Amino acid sequence: VLFLFPALAAFSVMWSVMPPETVRYSLMIFLTLMICVYAASRLAPRQIIFAFFAAATATAFQSIPQAISAPGDAIGVFDQKNVLAARMTVLAFAALVLAMDKEVNVFLRVFACAMLALAVGLMALANSATSVITSTLGFTFLIGYVAIWRPFRGGRILAIAAVVFAVSAATFYLAQNPYTDPVAQVFDAFGKDRTFTGRSVIWMSADRLMDRNPIFGLGANAFW
């Protein structure tokens, strides 16, 4: 079932507006899936996490000089800041998991904590709102699971009730304050505009193209 996606991507070369790019993309997806299936069948979950940690740590160290020289617009060894931020998000999650794993060597856990700090710092220098929000939600979930959900089985109902109460309170507050715009506050906090740095303009163009080609589209990875 997994390989139906690259097969469909390769099949779309027949109507793709950029056949070479569609072929390259199809091969890339196929090879990525092959590596993932092989790794999942040969490695334990902890080994997979460590592999992600080791690879992301290497790119983090390599990205430090450029990131320091261009704070707020850091791209590291990549071609754009969002790629750097995404890789540092992976590093942050892997580092957090290793740091909380009691079966991991204590020195590795300490090193993982240091790499977690480095990953967060590089995300801040990249100024990627998506990575900051994703990391915050992910950290909250992981820490909540390890600190509350797993050890306190009897307190799970209380934890669920607390989350429901918090969401309900936030909803009630927003309903009672119609002039409060949480979306605008989030944008202002990250210094972003409502076009998502011009992305919404591209999305409108994509919508028009999808209306013209509602069934087959333009071919895998042939739009942008």
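**Exercise 1. Charged pairs**

Arg-24 and Glu-21 both sit in helix α2 (residues 19-42), three residues apart, or about one turn of the helix. The structure is a predicted model, and the task is to work out how many salt bridges it holds and which residues are joined into one network by salt bridges that share partners.

*Solution.*

Step 1. The structure holds three salt bridges, and one of them is formed by Arg-24 with Glu-21, whose closest N and O atoms are 2.7 Å apart. Arg-24 is partly exposed, because its relative accessible area of 42% falls between the limits of 20% and 50%.

Step 2. Arg-46 forms a salt bridge with Asp-101, with 2.7 Å between the closest N and O atoms. This pair links distant parts of the chain, since Arg-46 lies in helix α3 whereas Asp-101 belongs to the loop between α4 and α5, 55 residues apart.

Step 3. Glu-103 also forms a salt bridge with Arg-46, and here the closest N and O atoms are 3.3 Å apart. Again distant parts of the chain are linked, with Glu-103 in the loop between α4 and α5 and Arg-46 in helix α3, 57 residues apart.

Step 4. Through these shared partners, Arg-46, Asp-101 and Glu-103 are joined into one network. Within this network Asp-101 is buried, with a relative accessible area of 16%, while Arg-46 is partly exposed at 37% and Glu-103 is exposed at 64%.

**Exercise 2. Helix α4 and the nonpolar core**

Determine whether the span of helix α4 agrees or disagrees with 1.5 Å a residue, and find which helix gives the most to the largest nonpolar core.

*Solution.*

Step 1. Helix α4 (residues 81-100) has 20 residues, which at 1.5 Å a residue should span 28 Å; the end C-alpha atoms are 28 Å apart, so the two values agree.

Step 2. The buried residues of α4 include Leu-84, Met-88, Thr-89, Leu-91 and Leu-98.

Step 3. The largest nonpolar core has 26 residues, of which Phe-53, Met-88 and Leu-91 touch the most other members. At least two residues of this core come from each of α3 (45-69), α4 and α5 (106-126), and α4 gives the most, with ten residues. In soluble globular proteins, nonpolar side chains tend to be buried together.

Step 4. Leu-91 shows the contacts of one such member: leaving aside neighbours within four places in sequence, Leu-91 is in contact with Phe-53, Ala-56, Thr-57, Ala-60, Met-115 and Ala-119.

**Exercise 3. Two hydroxyl residues**

Establish whether Ser-135 is buried or exposed, and which residues Thr-89 touches beyond four places in sequence.

*Solution.*

Step 1. Ser-135 has its place in helix α6 (residues 129-149), and Ser-135 counts as buried because its relative accessible area is 3%, which is under 20%.

Step 2. A polar atom of the Ser-135 side chain lies 2.8 Å from the backbone oxygen of Ser-131. Apart from neighbours within four places in sequence, Ser-135 is in contact with Thr-89, Phe-93 and Met-123.

Step 3. Thr-89 lies in helix α4 and is buried, at 8% relative accessibility. With residues up to four places away in sequence not counted, Thr-89 touches Met-123, Ser-131, Thr-134 and Ser-135.

Step 4. The C-alpha atoms of Thr-89 and Val-120 are separated by 7.9 Å, although these residues are 31 apart along the chain.

Definitions and conventions:
Residues are numbered from 1 along each chain as its sequence is written. This is a predicted model: local features need pLDDT of at least 70, side-chain atom pairs count only at pLDDT 80 or more; totals for chains, interfaces and linings use all residues. Side-chain values use heavy atoms; hydrogens and water are left out. Helices (H or I, at least four residues) and strands (E, at least two) are DSSP runs, numbered from the N terminus. Buried means under 20% relative accessible area, exposed over 50%, partly exposed in between (1.4 Å probe, protein chains only). A polar contact is a pair of N or O atoms within 3.5 Å; within protein, one must be able to donate a hydrogen and the other to accept it, and residues adjacent in sequence count only if both atoms are side-chain atoms. Contact means heavy atoms within 4.5 Å. The expected span of a helix is 1.5 Å times one less than its number of residues. A nonpolar core is a set of buried Ala, Val, Leu, Ile, Met, Phe, Trp, Tyr and Cys residues joined through side-chain atoms within 4.5 Å. A salt bridge is a side-chain nitrogen of Lys or Arg within 4 Å of a carboxyl oxygen of Asp or Glu.
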